[in-house]
Amino acid sequence: MNNSIQLKLIATHLLAQRGESPARSNFPKELILDSTDDAIEVQKLMIYLNDQTVYGWKCMLPLDDGTIILAPLLHAPIEQTESCSLYTTKNKALIEPEIAFILESDLPSNKNYSNEDIDTAFTRAHLALELIQKRFDESTLSTHIEKLADGLSNQGVYVGPQIDNTKAYNASTVNINIKQTDAELSFAGAHPAELAQLPLYWAVNYLSAKGIDLKAGHVFITGSYCGVVELNTDQLITISYEGLGAFSTTFISK
């Protein structure tokens, strides 16, 4: 598809679901996406419709078959607040423990950046949570292209305490412990790309080639150490990353 009117209709439909509960991102029958390039164009249109505002990106390395994992963060990061408001699923908060990298200087598009260039531009690392929102009806088949256009279930990011960059760059495995009022969860965490910074190197140059400028303050998250975790709402939650740090918050359903 390369019909700009169709792409804008799709972007308008998907962006509207970000404020719905429950969300219904499933595509109307007359709207069809059939390529990664079109999905990325829809993401760019969503940024335009979002007052031309993007707060960063979620990314992973492409899968072995070339599948792209990339989505814009369309809501301002939540930074170490005592409570975190989010859309829930069956009154459960869905989160992914990650490391966030914060861009300190602009990276204009249409340039190729070395790993060293990117290391220089991203001087801060933080413990973080990706906030997950299931926007597709799971009883209806949806394609990866449609989910990519929609933002791969992202509804935002919670940015926790800053950590040492060297530790972040070496955090291939991190044990994750999560304490709730009435339960405790432990995970032998492993980064899906082995190292958290590797998706960052790929994403910066992919976005640059797509004509997308990156701005100081953008937040990048690069993959969960233990997949999606379901947590209770209205309880104090403490999340610990062994050897890196910990933080606490209470999830509140919107």
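In the predicted model, helix α6 comprises 12 residues, running from 198 to 209, and spans 17 Å between its first and last C-alpha atoms, a distance close to the 16 Å expected at 1.5 Å a residue. The helix is mostly covered, with 10 of its 12 residues buried. The buried positions are P199, L200, Y201, W202, A203, V204, N205, Y206, L207 and S208, a list in which polar side chains such as those of N205 and S208 are found alongside L200, V204 and L207. An α-helix has 3.6 residues a turn, so residues three or four places apart point the same way. After α6 comes G211, a residue whose phi angle is positive, near 80°.

Attention turns next to two residues located in strands. E130 is part of strand β6, which covers residues 122–132, and it has a relative accessibility of 1%; because buried denotes a relative accessible area under 20%, E130 counts as buried. Its side chain is joined to that of N154 by a polar contact of 3.1 Å. When residues up to four places away in sequence are not counted, E130 touches K58, L94, I95, E96, E98, L152, N154, G156 and I221, so that N154 appears both in this contact list and as the partner in the polar contact.

P72 belongs to strand β2, formed by residues 70–72, and is likewise buried, its relative accessible area being 1%. Residues up to four places away in sequence being left out, the contacts of P72 are with Q43, I47, V54, G56, W57 and N154. The contact with Q43 is accompanied by a C-alpha separation of 7.0 Å between residues that lie 29 positions apart along the chain. N154 is thus touched by P72 as well as by E130.

A further buried position occurs outside the strands, in the loop between β11 (229–232) and β12 (236–241), where T233 is found. With a relative accessibility of 8%, T233 falls under the 20% limit and therefore counts as buried. Apart from neighbours within four places in sequence, T233 is in contact with T88, N91, A93, F251 and S253. Of these residues, N91 is also linked to T233 through a polar contact of 3.4 Å between the two side chains. The C-alpha atoms of T233 and S85 are 9.5 Å apart in space, although 148 residues separate the two in sequence.

Notes. Residues are numbered from 1 along each chain as its sequence is written. This is a predicted model: local features need pLDDT of at least 70, side-chain atom pairs count only at pLDDT 80 or more; totals for chains, interfaces and linings use all residues. Side-chain values use heavy atoms; hydrogens and water are left out. Helices (H or I, at least four residues) and strands (E, at least two) are DSSP runs, numbered from the N terminus. The expected span of a helix is 1.5 Å times one less than its number of residues. Buried means under 20% relative accessible area, exposed over 50%, partly exposed in between (1.4 Å probe, protein chains only). A polar contact is a pair of N or O atoms within 3.5 Å; within protein, one must be able to donate a hydrogen and the other to accept it, and residues adjacent in sequence count only if both atoms are side-chain atoms. Contact means heavy atoms within 4.5 Å.
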